[in-house]
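Colleague: I should like to go through the terms applied to this model and see how each label follows from its criterion. May I put my questions one at a time?

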Amino acid sequence: EVDGPSHYFRDASSGERLVNGSTKFKVRLLQAYGWNVANVPFFEWDPKTESERRQLLREKLASIGVRGPELKETASQREECV
């Protein structure tokens, strides 16, 4: 899941985007059940191309120790770009 704008609030003094309490709780709950959680903020996801998004996912998953198959474009995804 990409965390959309409703998962964040802005700090009044710094303007920094911070994760809200319900999102922090969701992550803690999933981790308590043994899930590895990688947050993908919308402001990192939205401006990226498809290939940049795949790379972002690889990096986010690697940051929590998850390795898996390469994320590859399918033929239908390539056709959509044409």
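Colleague: Why is Glu 1 called exposed?

Modeller: Glu 1 has a relative accessible area of 68%. Exposed means over 50%, buried under 20%, and partly exposed in between, with a 1.4 Å probe and protein chains only; Glu 1 is therefore exposed. Please note that this is a predicted model, in which local features need pLDDT of at least 70 and side-chain atom pairs count only at pLDDT 80 or more, while totals for chains, interfaces and linings use all residues. Residues are numbered from 1 along each chain as its sequence is written, and side-chain values use heavy atoms, with hydrogens and water left out.

Colleague: What makes the contact of Glu 1 with Lys 26 a salt bridge?

Modeller: The closest N and O atoms of Glu 1 and Lys 26 are 2.4 Å apart. A salt bridge requires a side-chain nitrogen of Lys or Arg within 4 Å of a carboxyl oxygen of Asp or Glu, and the pair Glu 1 and Lys 26 is accordingly counted as one. Glu 1 lies in the segment before strand 1 and Lys 26 in helix 1, so the salt bridge ties together parts that are 25 residues apart in sequence. Helices (H or I, at least four residues) and strands (E, at least two) are DSSP runs, numbered from the N terminus.

Colleague: Which class of exposure does Lys 26 fall into, and why?

Modeller: Lys 26 has a relative accessible area of 27%, so the residue is partly exposed.

Colleague: How do you know that Asp 3 and Lys 26 also form a salt bridge?

Modeller: The N to O distance between the side chains of Asp 3 and Lys 26 is 3.9 Å, and the pair counts as a salt bridge. Asp 3 lies in strand 1 and Lys 26 in helix 1, so this pair ties together parts that are 23 residues apart in sequence. Asp 3 itself is buried, because its relative accessibility is 3%.

Colleague: What is found for Glu 50 and Arg 53?

Modeller: Glu 50 and Arg 53 form a salt bridge whose closest N and O atoms are 3.4 Å apart. Both residues lie in helix 3, three residues apart, about one turn of the helix. Glu 50 has 41% relative accessibility and therefore counts as partly exposed, whereas Arg 53 is buried at 17%. As for partners in common, shared salt bridges join Glu 1, Asp 3 and Lys 26 into one network. A search of the whole structure finds four salt bridges.

Colleague: What makes the largest pocket a pocket, and what is its volume?

Modeller: On a 1 Å grid over the protein atoms alone, a pocket is an open set of points where a 1.4 Å probe fits, with protein on both sides within 12 Å along at least five of seven lines; a cavity is a set from which the probe cannot get out. The largest pocket has a volume of about 270 Å³, where volume is the space filled by probe spheres set on the points, joined across faces, edges and corners. It has 14 lining residues, and the closest to its centre are Glu 1, Val 37, Ala 38, Asn 39 and Val 40. Lining residues have an atom within 4 Å of a point.

Colleague: Which elements supply at least two residues each of that lining?

Modeller: Strand 1 (2–3), helix 1 (21–32) and helix 3 (50–63) each do so.

Colleague: Why is Ser 22 called exposed, and Asp 46 partly exposed?

Modeller: Ser 22, in helix 1, has 54% relative accessibility and therefore counts as exposed. Asp 46, in the loop between helix 2 (42–45) and helix 3, has 47%, so Asp 46 counts as partly exposed.

Colleague: How many helices and strands does the chain have, and what pattern does it follow?

Modeller: The chain has four helices and four strands, in the pattern β-β-β-α-β-α-α-α. Of its 82 residues, 20% count as buried.
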